[in-house]
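Trainee: Please take a close look at one sheet with me. Then show me what surrounds it in the chain.

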Amino acid sequence: MCLELYLTPAVLHERTNVELWVCANLIKLFKEENTIPFIARYRKELTNNMEADIIREVQQALEELTQVMKKTHASIQKIEKQDKLTSYLKVALLNCKTSDEVEYLFAPYKTGSNQTKAQKARQLGLEPAANLLIENPNQLNLHSHIRANIKGLSTLAEVEKGVQHILADMMSKDRDTLDFIWKLCDQNMVLIQSTLLKAATKQNAGTKRDTEKFHLYHNFSCSIRTIHHHQILAINRGEKLKILTVKVNVPDRVKNEFCWWCINKRWRPKNFASPGIMKILTDSAEDSYKRLICPLLCREFRTRLKTNAEMESILMFGRNLRQVLLTNPVRGRVLLGVDPGFRNGCKLAIVSPTSQILHTDVVYLLGSGVQREAEKIRRLLHEYSCWTVVIGNGTACRETEAFFADLINRKYFAPLDVVYCITSEAGASIYSVSPEAVKEMPDLDPNLRSAVSIARRVQDPLAEMVKIEPKHIGVGMYQHDVAQTLLKATLDSVVEECVSFVGVDINISSETLMRHVAGLNASRAKSIIEWREKNGAFINREQLKEVRGLGPKTFQQCAGFIRINPENIKGFCSSQPSTSAAGGQGAGGKGSGSKAGAGGGGGEGTAVRPSKKKSKTMQPNPLDQTCIHPESYDVAMRFLSTIDGKLCDFGKPSMESKVNQLLRTSSLDVVAQKLNTAVPTLQMIIDGLKQPHDYDIRAGFEQHDFKRSIVSLADLKIGTILTGRVENATLFGVFVDVGVGRSGLIPMRCITAGKLPPSKRRRSLGLGPGERVEVKVLDIDHARNRIRLDLIRVL
């Protein structure tokens, strides 16, 4: 069986609701092994300007369909080997839309499986009688099948029961019958219900706390159409912990309508049938529903609810991760990173504007020596001209924040105007003991590495966060309750998308960062670093073709996301062989403020010895600093000729003026037609030529909030209007840091389309980490330290 015959655009369109022609293009693009960032940026005309998120969903749907088809193909082959494949069963398998349906049909044919009642009846030779009951009941003589000495045929009742089992089996595997039952379920209210398991009431104090966490679901009932995704995940977790019992309740009227339809419509005998025959048919329909179809419905409902909830949760993870990775970097500052702690003290790390480690230390902010430690911090801040403090949000964060806020309020650090911010330290401890951290900072204690990571997360969030496994970054909820393979694939894809769209300066980027560029991987990134160390700086993108392991396809996928900054080329040329980038971004670290926003973040880059052997392709190309893909350079040059522009003027006001002048007299469509290119490609060229040299897409995203004072929960009152920053987004609401040491929750029902600006309106009406919002306090629960908020607007 050829899978391509079944994975058609129509099938994908039915699953995703994406336009048919777009589905056809995406199937072809994925078959050609194109990456999502490449498709989203450089093949917009083939996807109708589809965003990366939607492309990723289509890719996942395509992979699911592929798995269903492969499973169907494997099942047919196995049944064929058993010589049990009938044309009826083959059609039923080929009509399956989910893996569960394939599994249901294939289950009786698994090795070691007990025979079904229908299989036993067929072995007794009753299938012709069952077919005759439908086709021509007048000729049916069940008495002729009675065999006194054979079990299952010894009496008329046993013969009737065997025919009934065969008919019930036929009904449960018929596509039209299954479609009708699903239609009935859509028209009626199907409930999912959970109750407290009796065994869960007999428990010790530890498990009692777990039981209380699920008190909302001890006697819960909700329509499967209106239940929220987070409720499904919570119920499933409770069931897994043996605290809840869960069932799907299909109303009786579904059964009644189904049986009537089977008897009078789909399975109605083609000729007159006696009351006895009709009774067998009626019993068959009821048996099929009760024994086969209803359990299938319940399993399928649970699977669909679980799959949809997991998918939405994973998409939420992806959206949150993107917001975190694309947080606006804090450039040009010396930062003091603080990893708070009680017994082991607060670990300090001062990093330069190029991420080099300038100093590390430990201070103890509790006890009699507080004044001495404060003096030490003041001396360090003055010595390194550092006026920005970054505090991790872990243990002792609140106490450390209060310490710095008090010193700032007393102007203790004058004349420095010191400010501080709180940042997430999720994953910092795991990273600090990882092989990458050991390689990058071999002489530092793991605790001090955490402080370095905390500072760099604010300085260049993308470059630092890519070192940490995405699931450890701490965004979203129920991450352990979703499919781990799909979660990892989605989060890795989001990281690739973010790194690619920001762009990477190939001459200062670390190997860790480079491996996340579309089309590259760990081995290819290593090959690029080795080429760079052997031959010196890359002069243009064409030299990527000289790197071992980078073929034409890899070059096509990654070239548009690679940047070559002339400033960093000069930096390499002036480097000496002994120069070290310990803790920094590599030679030419000043490139950290360049257009390739993700510079290297932390020192895997190494100073490069200029090569004596010159490459054949040594001429720099200014377009290599832009987002324009090399495949479009010819069109870009023809466009420059049209506007009488010079390549060296890209990013300057004069270039923007000439482009705008052309577009005032000719539409984009007309110009694209003259240049024989697609409109999205022309728009990309125009954007690349107009964008300034230091353009960074992250500039449009939120930056960390810096403050000088602290507010407590006791200062809040109901009705108070506050501004805050989204810390995390979940399926049931958004957590907002309003600066009181405890995040408040905006329930999802309070996040409506009317409160969001057009640029923030997503399908989920969600907000992502880092976005600034204005909120009103609705309720304060001092006993449980909880704050309920209402969204007023997005700032």
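Mentor: Start with one term: pLDDT is the predictor's confidence in each residue, on a scale from 0 to 100. You need it here, since this is a predicted model. For the protein chain the mean pLDDT is 85. Of its residues, 90% reach 70 or more.

Now the sheet. Strands of a sheet pair through backbone hydrogen bonds, and the pairing is either parallel or antiparallel. This sheet is open and has 5 strands. Read across it and the order is E6-E5-E4-E7-E8. The pairing is mixed. Look at the edges next. Strand E6 (357-363) and strand E8 (419-423) each have a single partner strand, so one side of each is left without a neighbour in the sheet. Neighbouring strands are turned against each other by 20° on average, with direction ignored.

Zoom in on one pair. Strand E7 covers residues 388-392 and pairs with E8. The sense is parallel, and there are 5 bridges. Take one residue as a marker: Val390 has Cys421 of E8 as its bridge partner.

Helices come next. Helix H20, residues 446-459, packs on the sheet. Helix H20 touches E4, E5, E6, E7 and E8. Its direction makes about 50° with that of E5. Then find helix H16, residues 370-383. Helix H16 lies across strand E4 (335-339), strand E5 (346-351) and E6. Against E6, helix H16 runs at about 175°.

Now set a second sheet beside that picture. This open sheet has 3 strands in the order E2-E1-E3, and its pairing is antiparallel. At the edges stand strand E2 (219-223) and strand E3 (244-249); each has a single partner strand, so one side of each lacks a neighbour in the sheet. The twist from one strand to the next averages 15°. Strand E1 (residues 191-196) pairs with E2 over 5 bridges, in the antiparallel sense. There, Ile192 has Cys222 of E2 as its bridge partner. Helix H13 (residues 229-240) packs on this sheet and touches E1, E2 and E3. The direction of H13 makes about 125° with that of E3. Helix H15 (residues 275-325) packs on the sheet too, touching E1 and E3. With E3, the direction of H15 makes about 115°.

Helices also meet each other. Two packed helices are described by the angle and the distance between their axes. Use helix H11 (residues 175-187) and helix H14 (residues 252-266): their axes come within 10 Å and cross at roughly 145°. The crossing is right-handed. Among the residues making the contact are Phe180 and Leu184 of H11, and Phe258 and Trp261 of H14.

One more helix is worth a glance. Helix H22 (residues 484-502) has 19 residues. From first C-alpha to last, H22 reaches 27 Å, close to the 27 Å expected. Gly503 follows H22, and its phi is positive, near 95°.

Finish with caution. Over residues 576-597, pLDDT stays under 50, though the model has 78 contacts there beyond four places in sequence. Residues 601-617 also stay under 50, with 63 such contacts in the model. Where pLDDT is low, the predicted coordinates should not be read in detail.

Terms used:
Residues numbered from 1 in each chain as written. Predicted model: local features only at pLDDT ≥ 70, side-chain atom pairs only at ≥ 80, totals over all residues. Heavy atoms only, no water. Pairing = 2+ DSSP bridges. Helix = DSSP H or I, 4+ residues; strand = E, 2+ residues; numbered from the N terminus. Axes fitted to C-alpha atoms, helices over the stretch in contact; angles between N-to-C directions. Contact = heavy atoms within 4.5 Å. Expected span 1.5 Å × (residues − 1). Left-handed = near helix turned anticlockwise from the far one by under 90°.
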